[in-house]
Structure formats: structure tokens, C-alpha cells
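Please look over the sequence and the structure below before reading on. The report then takes up the chain as a whole, its open and closed spaces, and one residue in particular.

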Amino acid sequence: MFNFSEYLVRYLFNCLPILFLISFVCSAKQEIYFATDLLPEEGTRKADLVSQLVYYVTDELKNDYRVTFQQTSREREWRLIEKQSNICVYNKTYTPKRAKLAVFASQPLIVYAPNRLILNRDIGTAPSLSLTTALSLGLNIGVVKGRNYGEKLDESITQNSELLYVGAGSYKAERLEVMLKQGKLDGIIEYSSVFKSRQPDAKIGKDYFIYALTEAQHAVKGYLACAKSDVGEKFVADFESVMNSAGYRAFAISKLNEAGDLIEADFIIEQLGYK
């Protein structure tokens with residue numbers, strides 16, 4: 001005689017583990033690791049400006065992705081992208097060499113005014129000079145190893161590497177600023193907005209002097225880039241989908257305007273195409 005209750009118990013006993021496994025696989029979130037030399041503070045309020053934008057997007061994607069920030073040096077970031085399918089970096093300039101290693105988003109997260117030469121002394125020259133001229137004055141200038149400063153400036157840095165202080169490792173940009181404050185360096189190459197935001201007490205025109213470099217005349221764009229893999233390509237596509245939303249653009253504009261005292265907000269908003 002057919003016992004329906006016994007059949008149902010056996011069916012559930014045999015099938016539920018399979019159904020649970022299928023459900024688990026379907027609902028599992030894809031792990032994404034952001035390799036960065038500077039771990040951002042957590043949350044859209046405490047983090048630096050660009051990291052706040054990233055946090056906004058990853059929060060919108062939280063049902064599909066579990067994002068973790070992994071501290072490493074700038075040089076190692078790109079080695080990780082070559083080795084792991086779920087590694088991403090952000091706020092990176094596009095170069096043909098990097099494009100061979102990673103999938104870049106088609107639109108930038110941020111736009112910066114050109115890199116500047118920031119000195120702890122007034123050298124009494126024109127507001128614009130070349131890096132070669134600055135070094136000919138005997139200035140000890142620090143740069144970060146592995147950082148992309150733009151094609152022309154990178155060429156000048158390579159040609160004059162023996163005359164520069166080249167720092168490597170995590171948090172090196174911040175360490176160079178400390179060395180500048182301590183007088184161990186005469187100057188650094190940095191975005192003026194980044195320097196002002198990290199050194200809010202710096203007295204520009206009194207203790208620090210900012211000069212334009214002739215090798216750095218164009219705005220610099222910072223992009224998301226991920227490993228060349230199915231995972232990386234999908235994450236870039238999903239990330240950009242959020243960036244194209246009205247909510248994201250409104251958030252980005254508000255954050256840029258909040259930082260208006262430190263950055264050229266109107267210029268950046270226009271360059272990003274948000275106007």
C-alpha cells in the first residue's frame with residue numbers, strides 16, 4: 001500500500017539538501033577585493049572624497065557583491081590584478097600599458113587639476129617651471145614609486161630619477177608630506193587639492209608654495225579598473241550602471257560641492273559631464 005507520508009519524508013530528506021545547495025549557490029555574493037595603498041575609513045561620511053563615491057556604488061551593489069579593501073603597495077596592485085580574477089583598483093589613470101592588464105571603466109570617478117610642485121620655500125621664480133629647472137636649483141623633490149603622474153611628467157621623472165627622492169610602500173604619499181613638513185624634502189609632486197585636504201592647516205603662500213609644472217598641463221582622470229576576467233568585466237559594467245543613475249550623480253555633485261574649498265568643484269563637475 002502506498003504510504004504518501006513516508007514518500008514525502010523521503011523526498012524531502014533527499015531533495016532538500018540539493019535545493020539548499022542550489023539556493024546557496026544562486027544567492028552567494030561575488031567577492032571583490034579593492035587593492036589600495038591607502039585603506040579608506042569606512043562609510044560614505046568619513047572616507048576621502050573618491051572613496052565615498054566608491055562606497056556609494058558598492059552599497060548599491062551589496063546584494064550581488066561582497067567588497068573588501070586590501071592594503072598593498074602601488075606596485076603590487078597591478079601584480080595582483082594580473083594574478084587574481086576578482087581584484088579591482090580605483091582612482092587610477094588610464095595608460096595603454098595598464099589597459100593590457102585591466103578592464104577600465106569608460107567614465108572616470110574623479111577629475112583632478114594637474115599635478116603641482118609643492119615646495120616648503122619660495123624660490124622666487126615664475127609660477128610655472130619645468131621639473132628639470134626645479135632640480136637644477138638643487139631642490140630635493142620626492143615622488144612615489146609606481147605612481148602615474150601623466151605621460152610627459154612620467155618621462156621627466158624617469159630621466160631625472162637619480163636626482164629625485166623616490167619613495168615606495170604603503171602610505172608613501174602621506175609620508176612624503178610629513179618629510180616635506182619636517183624639512184627632509186624641499187618639495188613633492190602632488191595634486192594641490194589632495195595636499196590641502198590632507199594638510200588643512202598648511203599656510204599656502206607663507207609656509208608652502210605651489211607651482212605649475214610645464215610637463216603637467218592637462219587634467220588627470222581617475223578610473224575604476226578591474227582584472228581582465230569575466231568577474232572583472234561584469235563588476236565594471238555593474239559599477240558603471242550605478243554611476244549612470246540620477247541618484248549617484250546627485251550624490252557625487254553634492255560631495256564635490258561640499259569640498260569646494262579644497263577643490264575646483266565647478267571644473268570637476270563640468271569635466272565629469274554632470275552639468
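What follows is a short report on this structure, which is a predicted model.

## The chain as a whole

The chain, with its 275 residues, is made up in such a way that 47% of them are buried, and 11 helices and 12 strands can be counted along the chain. If one takes the contacts between residues at least 6 apart in sequence, 75% of them join residues at least 24 apart.

The area that the chain exposes comes to about 15,000 Å², and 51% of this area is supplied by carbon and sulfur atoms.

## The largest pocket

A general idea helps with this part of the report: rolling a probe the size of a water molecule over the atoms shows where empty space is left. The largest pocket has a volume of about 1,100 Å³. It is lined by 50 residues, of which Asp 48, Val 50, Asn 91, Tyr 112 and Val 194 are the closest to the centre of the pocket.

Helix 8, which covers residues 192-198, gives the most to the lining of the largest pocket, with 6 residues. Sorted by class, the lining of this pocket holds 22 nonpolar, 17 charged and 11 polar residues.

## The second largest pocket

The second largest pocket has a volume of about 490 Å³, and of the 21 residues in its lining, the closest to the centre are Lys 97, Arg 98, Gly 146, Arg 147 and Asn 148. By class, the residues of this lining divide into 9 charged, 7 nonpolar and 5 polar.

Several elements take part in the lining of the second largest pocket, since helix 3 (74-83), helix 4 (96-99), strand 8 (141-144) and helix 6 (151-159) each supply at least two residues. The largest share, 5 residues, comes from helix 3.

## The closed cavity

How many cavities of 30 Å³ or more does the count give? The count comes to 1 cavity, and the largest cavity has a volume of about 40 Å³. The residues that line the largest cavity are Val 144, Arg 147, Tyr 149, Ala 173, Leu 176, Ile 188, Ile 189 and Glu 190.

Two or more residues of this lining are given by helix 7 (172-182) and by strand 10, and strand 10 gives the most, with 3 residues. By class, the lining of the largest cavity has 6 nonpolar and 2 charged residues, and no polar ones.

## Glu 190 in its surroundings

Glu 190, one of the residues that line the largest cavity, lies in strand 10, which covers residues 187-190. Is Glu 190 buried or exposed? Glu 190 has a relative accessible area of 4%, and because buried means under 20%, this residue is counted as buried.

When residues up to four places away in sequence are not counted, Glu 190 touches Asn 115, Arg 116, Ile 118, Arg 147, Ala 173, Glu 177, Phe 195 and Arg 198. With one of these residues, Arg 147, the side chain of Glu 190 is joined through a polar contact of 2.8 Å. Arg 147 is also among the residues that line the largest cavity, and Arg 147 is one of the residues closest to the centre of the second largest pocket.

Ala 173, which is likewise touched by Glu 190, lies 17 residues from Glu 190 along the chain, and the C-alpha atoms of these two residues are separated by 8.3 Å. Ala 173 also appears, together with Glu 190, in the lining of the largest cavity.

Note on methods: Residues numbered from 1 in each chain as written. Predicted model: local features only at pLDDT ≥ 70, side-chain atom pairs only at ≥ 80, totals over all residues. Heavy atoms only, no water. Helix = DSSP H or I, 4+ residues; strand = E, 2+ residues; numbered from the N terminus. Buried < 20%, exposed > 50% of the residue type's maximum accessible area, 1.4 Å probe, protein only. Contact = heavy atoms within 4.5 Å. Areas by Shrake-Rupley, 256 points an atom, 1.4 Å probe, with all protein chains shown as cover. 1 Å grid on protein atoms, 1.4 Å probe; cavity = no way out; pocket = protein on both sides within 12 Å on 5 of 7 lines; lining within 4 Å. Points joined across faces, edges and corners; volume = space filled by probe spheres on them. Nonpolar A, V, L, I, M, F, W, Y, C, P; charged D, E, K, R; others polar. Polar contact = N/O pair within 3.5 Å; in protein donor to acceptor, adjacent residues only side chain to side chain.
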